[in-house]
Amino acid sequence: MRGSTALSKILLLGTALYLFNSASTAASTESHNRIAATAKAYIATRHPWQQLSTTITVQKLDPRTKLSSCPGKLEAFLSNGAKIKRRTTVGVRCTAGAKPWKIYLPVTVEAYAKVMVARHPIAPGNIINADNVSWGKRDITSLGYGYLQSLGDNGGYQSRQSIAQGAVLTPNMVTASSIISKGQRVQLNSNDGPVSVSMMGIALQNGALGKRILVKNLNSGKQLEGVVASENSVVLN
């Protein structure tokens, strides 16, 4: 009986020592959650997508990582020359206490915005309109080729290549649609010199807004070059 009692006391003492040591270890090491929160807060106030809905994820530290508990405030930082992107390595350091330390964590930002998506396959040369596109939320940080959010103004867009159903429309997939057609009568404006001169002409080419096209002056019959200014006018230069 006495042996059993002595064994019980030893077991209780061992358990108490184990719990005490565990508590001491926990108190002497820095919280991984605190480190991650410091990195996340740093990125949250500095990333370039502040006006969008975002999700910020900090990669978890290896559970075996043990850092001394920091008696002061943790400080987040970026390496010299680093910029915040979709995936950024953020440093967190403790400069207080007897054992200063620093550690690096990968932080990922996802930013969501409405972008144009092909409603069905679009062949090259087709006009992009509300019938063949829809709008959906996408993580724009992963769209390395850019994206489009509207049909555009002054003629909109025309597909330059085949576009698959469900694809996000990017600037390199489209070109500005022509707002002036070959053979169309247009107003030719010349601002060369102190006096502005206007005359009528004929477009010899299709033209999108801001593009250079050839036109013919109806009075002189001369072939001229100008920039498309609107759906019925060209500025000569």
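This passage describes the fold of a predicted model, from its overall make-up to its sheets, its disulfide and one buried residue.

The protein chain holds 2 helices and 15 strands. Of its 237 residues, 32% are buried. Contacts across the sequence also deserve a look: among those with a separation of 6 or more, 52% join residues that lie 24 or more positions apart.

A good place to start is helix α2, which covers residues 32-44. This helix has 13 residues, and its first and last C-alpha atoms are 18 Å apart, close to the 18 Å expected at 1.5 Å a residue. Five names stand out along α2, for I35, T38, A39, Y42 and I43 are buried there. These residues cover an arc of only 130 degrees around the axis, so they sit on the same side of α2. The cover over the buried residues of α2 includes the strands β1, β2, β3 and β4.

Those strands can be followed one pairing at a time. Strands β2 and β3 run antiparallel and pair over 3 bridges, with A76 standing opposite V92 in β3. Strand β3 is in turn joined to β4 by 8 bridges, again in the antiparallel sense. Within this pairing, R87 has T108 of β4 as its bridge partner. The hairpin of β3 and β4 has 6 residues between the strands, and in this hairpin G97 takes a positive phi near 85 degrees.

Strand β4 also offers a helpful close-up, since V107 lies in this strand. V107 has a relative accessible area of 1%, which is under the 20% cut-off, and therefore counts as buried. Leaving aside neighbours within four places in sequence, V107 is in contact with A39, I43, I56, T57, V58, R86, R87, T88 and V90. Two of these names, A39 and I43, have already appeared among the buried residues of α2. R87, another residue in contact with V107, is 20 residues away along the chain, yet the C-alpha atoms of the two are separated by 5.6 Å.

The same region carries the disulfide. The count for the model comes to 1 disulfide, formed by C70 and C94 with their sulfur atoms 2.1 Å apart. The pair links distant parts of the chain, 24 residues apart: C70 is in the loop between β1 (53-58) and β2 (75-77), whereas C94 belongs to strand β3 (residues 87-94). The torsion about the S-S bond is about 85 degrees, so the disulfide of C70 and C94 is right-handed. Both ends are buried, C70 with a relative accessible area of 6% and C94 at 1% relative accessibility.

Further along the chain comes an open sheet of 3 strands, in the order β5-β7-β8 and with antiparallel pairing. Strands β5 (127-128) and β8 (174-176) each have a single partner strand and stand at the edges, so one side of each is left without a neighbour in the sheet. Between β5 and strand β7 (residues 157-159), the antiparallel pairing extends over 2 bridges. Here I128 stands opposite Y157 in β7.

The remaining sheet to describe is a barrel. It is closed by 5 strands in the order β10-β11-β13-β14-β15, and the pairing is mixed. On average, neighbouring strands of this sheet are turned by 50 degrees against each other, direction ignored. Going round in order, strand β10 (residues 185-190) pairs with strand β11 (residues 197-203) in the antiparallel sense over 6 bridges. In this pairing, I202 of β11 is the bridge partner of R185. Strands β11 and β13 are antiparallel as well, with 3 bridges between them, and G201 has N217 in β13 as its bridge partner. Strand β13 (residues 212-217) then runs antiparallel to strand β14 (residues 223-230), to which 5 bridges join it. L214 and E225 make a handy marker for this step, as E225 in β14 is the bridge partner of L214.

Technical notes:
Residues numbered from 1 in each chain as written. Predicted model: local features only at pLDDT ≥ 70, side-chain atom pairs only at ≥ 80, totals over all residues. Heavy atoms only, no water. Pairing = 2+ DSSP bridges. Helix = DSSP H or I, 4+ residues; strand = E, 2+ residues; numbered from the N terminus. Axes fitted to C-alpha atoms, helices over the stretch in contact; angles between N-to-C directions. Disulfide = S-S within 2.5 Å. Buried < 20%, exposed > 50% of the residue type's maximum accessible area, 1.4 Å probe, protein only. Expected span 1.5 Å × (residues − 1). Arc of directions from axis to C-beta. Contact = heavy atoms within 4.5 Å.
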